[in-house]
Amino acid sequence: MTTKNSSGDVRLSGISKTYGSFTAVHPLDLTVPQGSFFALLGASGCGKTTTLRMIAGLEEPTSGTVRLGDQDVTALPPHKRPVNTVFQSYALFPHLDIFENVAFGLRRRGIKSVKKQVEEMLDLVQLGEQARKKPHQLSGGQQQRVAVARALINHPKVLLLDEPLGALDLKLRRQMQLELKRIQTEVGITFVHVTHDQEEAMTMADTVAVMNAGRVEQLGAPAELYENPRTTFVANFLGTSNLIEAEVDTRTGDEIVLKAGGGKLTLPAERCSASTATGGKVLVGVRPEKISLVHADDAGEIPEGRNRITGTIADASFIGVSTQYVVDSPVCPELAVYVQNVERDGRLTPGADVVLHWSPAHTFGLDSAQSLLAGTAGSAGIEEEAA
C-alpha cells in the first residue's frame, strides 16, 4: 500500500503493548496509505484503541516504531506529532462559542488572524450559521462536527477518531457516517477510525483491519472482507455466516466437491483458505442473504448446478424489508436465511419442509480447526483491553 505522496502514511513496524503479563497488542505491522479512510474494527478489548493511542503518542509502545510519512515519531510527545484525535466525548469547551472552540488551536499557536480559516472550516462541516452558539445549544451530531473542525483546522497529516459516533442515536449515527466520509474526501487527510460497529466501518472506510485479541485477523476493502473472510472470526464478526462442517470428496479443476450430511456441496477452489486434501475437513460458509428458500413441493423448479440443502423451518421473523428464517437441517442446525419481502410465499411458516439453494460462487471455505463460534456475540476468547 504505497502512494506517491507518503507524508501522511502511518507505518507501524513491530508495534506491541504489554501491561505486565497481559499483551494488549501483539507485534503488529500495519501501513495506512496517505489520504485513505482506514478503520480499526473489533470488539471491546481487541487492542484497537491501544493501537490508536500509540499512534497518537498517548500510549508508549513496548516494542516497535511509529512512523508518520518519513518521520519516526515513536519518541515524540503527542503535541509534537502531526496528528489530532477526536474522542467520543468531543471535549468541547462549554464556556466558548463554536467559533472560539474551532479557533482554539490556532490562537494557542499565536496566530492572530483566524477568521477566514475558522469560517472555511465551519463551512466544511456545515455549521457556518451556528458560529456564535455555545456547545450545549447544539445537537450531539453538531457537537461532533465541531470537534472534527477543531481538529482539522490544525492541518494534521493524520486525524485519529476514537469511537467518535458512539454517543449518538442510530439515525444520527448513520447521517454522521456519511458526513465524516464526505469531509474526509474533501480534505484528503488520512483518517484512522476506531470502532466496534461493523456497519460503521464498512460504510466509511476504504480499508478495514479486523482486530481480535491484539492481532489483525484480516485486512482489506469492506466488500473483500465480507465476501471472502479468511477466518471464522471475520466470517461471524462481519455480519452473519452459516458455517457447515464438510469433508473433501473430490477436486476437479477449479472446483472442490464436499460431502455434508449425506449430500454434496460445490466450492470454488479460489475461495477456500483450508487444506483441500481428499478426506480433509472444511467449514463451508454462505451468507444468509445469498440463499434462496423454496417449499419442498417446489424443489423440482430449482435450477441445475445449485448447492442445495433440505430442512425444516424452525422460526420466521418478519422485519419489514426481509423475513429472517431459521432452518433446521440434517447438515447444520439453525441455518439463517434472509429473504427479501418481494413476493412472500404463505407456505413458508414454522414446521414447513423446505429446500435451501444457492450459487456455488457464493460459497467460501475455511479451516475446520477454528471455532465455529469465534466472532459471535458472547464467544469466549475476547480479551479485556487495558487503558
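This is a short walk through one predicted chain, from its overall build down to two single residues.

Hello everyone, and a word on ground rules before we start. The model is predicted, so local features need pLDDT of at least 70 and side-chain atom pairs count only at pLDDT 80 or more, while totals for chains, interfaces and linings use all residues. Residues are numbered from 1 along each chain as its sequence is written, and side-chain values use heavy atoms, with hydrogens and water left out.

Let's begin with the whole chain. Its C-alpha atoms fill a box of roughly 80 × 45 × 40 Å along the principal axes. The secondary structure comes to eight helices and 20 strands; these are DSSP runs, numbered from the N terminus, with at least four residues for a helix (H or I) and at least two for a strand (E). Of the 387 residues, 50% count as buried, where buried means under 20% relative accessible area, exposed over 50%, and partly exposed in between, with a 1.4 Å probe and protein chains only. Contact here means heavy atoms within 4.5 Å. Among the contacts with a separation of 6 or more, 68% are between residues 24 or more positions apart.

Now, please find the six-stranded sheet. In what order do its strands run? The order is E6-E7-E8-E3-E9-E10, in an open sheet with mixed pairing; two strands pair if DSSP finds at least two bridges between them. E6 (83-87) and E10 (215-220) are at the edges with a single partner strand each, so each has one side without a neighbour in the sheet. From one strand to the next, the twist averages 20°.

Stay at the E10 edge for a moment. E9, residues 207-212, runs antiparallel to E10, and five bridges join them. Val208 is opposite Gly220, and Val210 has Gln218 as its bridge partner. The two strands form a hairpin with two residues between them, and Ala213 in that turn has a positive phi of about 50°.

Two helices lie across this sheet. Helix H5, residues 170-187, lies across E3 and E8, at about 160° to E8. Helix H1, residues 48-56, lies across E3, E6, E7, E8 and E9, and runs at about 150° to E7. Those angles run from 0 to 180 degrees between N-to-C directions, using axes fitted to C-alpha atoms, for helices over the stretch in contact.

Is H1 enclosed or open? Eight of its nine residues are buried, so H1 is largely enclosed by the rest of the structure. The buried ones include Lys48, Thr49, Leu52 and Ile55. Right after H1 comes Gly57, with a positive phi near 90°.

Let me finish with two residues you may like to click on. Val282 sits in strand E14, residues 281-286, and is buried, with a relative accessible area of 1%. Leaving aside neighbours within four places in sequence, its contacts include Ile244, Val248, Leu258, Cys272 and Leu366.

Where is Gln126? Gln126 is in the loop between helix H3 (115-124) and helix H4 (140-152). Beyond neighbours within four places in sequence, Gln126 is in contact with Arg145, Glu179 and Arg182. From Gln126 to Gly69, 57 residues apart in sequence, the C-alpha to C-alpha distance is 30 Å.

That's my tour, and thanks for listening!
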